[in-house]
Structure formats: C-alpha cells, structure tokens
Amino acid sequence: VLRGELSALASPPDPIAWAVFQLNLARIYEAQAEARGRDRGEHAHAAEALLAALDVFSENGLRSLADLAATDLERLRERC
C-alpha cells in the first residue's frame with residue numbers, strides 16, 4: 001500500500017518532499033526483493049528512485065541528502 005502511494009506521487013508541489021519519498025520508495029523496493037529472495041525488477045526501480053532523488057537534492061544544494069541518496073545507490077550497485 002505504501003509503495004503504491006509513494007509511486008503515485010508524480011508531481012507534488014514540493015520537489016524536496018517528493019525526493020524524500022523517493023528515498024523511502026527505494027528502500028521499500030529493496031526490502032521486497034530481499035523478502036522474496038530474488039529480484040523481480042525491484043532493484044532497477046530502486047535505482048531509478050534514488051537517481052531521481054539525487055538529482056533533486058543536488059539541484060537544491062542539499063548536500064547531506066544528496067550524499068545519503070548516493071550512498072544508497074552505491075550500496076545497491078554493489079549488491080547487484
């Protein structure tokens with residue numbers, strides 16, 4: 001349910017809040033893949049969400065949030 005709600009947010013009025021939602025959505029995708037024991041596209045979706053969040057954070061000068069997104073993306077890449 002939460003994944004559905006987060007992915008349905010196409011263009012909220014606050015891009016930073018949307019990017020934070022993307023960080024959380026990426027974590028949900030990762031948790032689903034881990035719970036199943038196999039990847040059915042969740043890692044690709046997580047990477048897309050993290051890249052989008054990284055772009056928004058970088059564009060708005062939010063370095064710590066950009067670093068968080070970059071760290072999560074690197075961790076995801078190391079796993080796959």
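## Close-ups of a four-helix chain

**Overview: the chain runs α-α-α-α from start to end.** This is a predicted model, where local features need pLDDT of at least 70, side-chain atom pairs count only at pLDDT 80 or more, and totals for chains, interfaces and linings use all residues. Residues are numbered from 1 along each chain as its sequence is written, and side-chain values use heavy atoms, with hydrogens and water left out. The tally for the protein chain is 4 helices and 0 strands; helices (H or I, at least four residues) and strands (E, at least two) are DSSP runs, numbered from the N terminus. Of its 80 residues, 31% count as buried, where buried means under 20% relative accessible area, exposed over 50% and partly exposed in between (1.4 Å probe, protein chains only). Take the contacts (heavy atoms within 4.5 Å) with a separation of 6 or more: residues 24 or more positions apart account for 52% of them.

**View 1: H3 against H4, at about 155°.** Here helix H3 (residues 42-59) packs on helix H4 (residues 63-79), with the axes 8 Å apart. Axes are lines fitted to C-alpha atoms, for helices over the stretch in contact, and angles run from 0 to 180 degrees between N-to-C directions. The pair is therefore roughly antiparallel; the cut-offs are under 35 degrees for roughly parallel, over 145 for roughly antiparallel, 65 to 115 for roughly perpendicular, and oblique for the rest. H3 passes H4 in a left-handed crossing, meaning that the near helix is turned anticlockwise from the far one by less than a right angle (clockwise would make it right-handed). On the H3 side, look for His43, Ala46, Ala47, Leu50, Leu51, Leu54, Phe57 and Ser58. They meet Leu65, Ala66, Ala69, Ala70, Asp72, Leu73, Leu76 and Arg77 in H4. Sorted by class, this contact has 12 nonpolar, 2 polar and 2 charged residues. For the sorting, Ala, Val, Leu, Ile, Met, Phe, Trp, Tyr, Cys and Pro count as nonpolar, Asp, Glu, Lys and Arg as charged, and the others, Gly among them, as polar.

**View 2: H2 alongside H4, crossing at roughly 20°.** The two axes come within 11 Å, and H2 and H4 are therefore roughly parallel to each other. H2 passes H4 in a left-handed crossing. From H2, the residues to find are Leu23, Arg27, Glu30 and Glu34, which meet Leu68, Ala69, Asp72, Arg75, Leu76 and Arg79 in H4. This contact divides into 4 nonpolar, no polar and 6 charged residues.

**View 3: H2 on H3, at an angle of about 160°.** Their axes sit 8 Å apart, and the two helices are therefore roughly antiparallel. H2 passes H3 in a left-handed crossing. By class, the contact holds 16 nonpolar, 4 polar and 3 charged residues.

**View 4: Glu30, a buried charged residue.** Glu30 lies in helix H2 (residues 15-36). Its relative accessibility is 5%, which is why Glu30 counts as buried. The Glu30 side chain makes a polar contact with the side chain of Arg79 at 3.2 Å. (A polar contact is a pair of N or O atoms within 3.5 Å; within protein, one must be able to donate a hydrogen and the other to accept it, and residues adjacent in sequence count only if both atoms are side-chain atoms.) Setting aside neighbours within four places in sequence, Glu30 is in contact with His43, Ala46, Arg75, Leu76 and Arg79.

**View 5: Ala69 and Leu76, two residues of H4.** Ala69 is buried, with a relative accessible area of 0%, and Leu76 is buried too, at 3%. Not counting residues up to four places away in sequence, Ala69 touches Leu23, Leu50, Leu54 and Phe57. With the same kind of neighbours left aside (within four places), Leu76 is in contact with Glu30, His43, Ala46, Ala47 and Leu50. The C-alpha atoms of Ala69 and Leu23 are 6.8 Å apart, although their positions lie 46 residues apart along the chain. For Leu76 and Leu50, 26 residues apart along the chain, the C-alpha separation is 9.7 Å.

**View 6: Ala53 in helix H3.** With 0% relative accessibility, Ala53 counts as buried. Beyond residues up to four places away in sequence, Ala53 touches Ala19, Gln22 and Leu23. Its C-alpha atom is separated by 6.9 Å from that of Val20, 33 residues apart along the chain.
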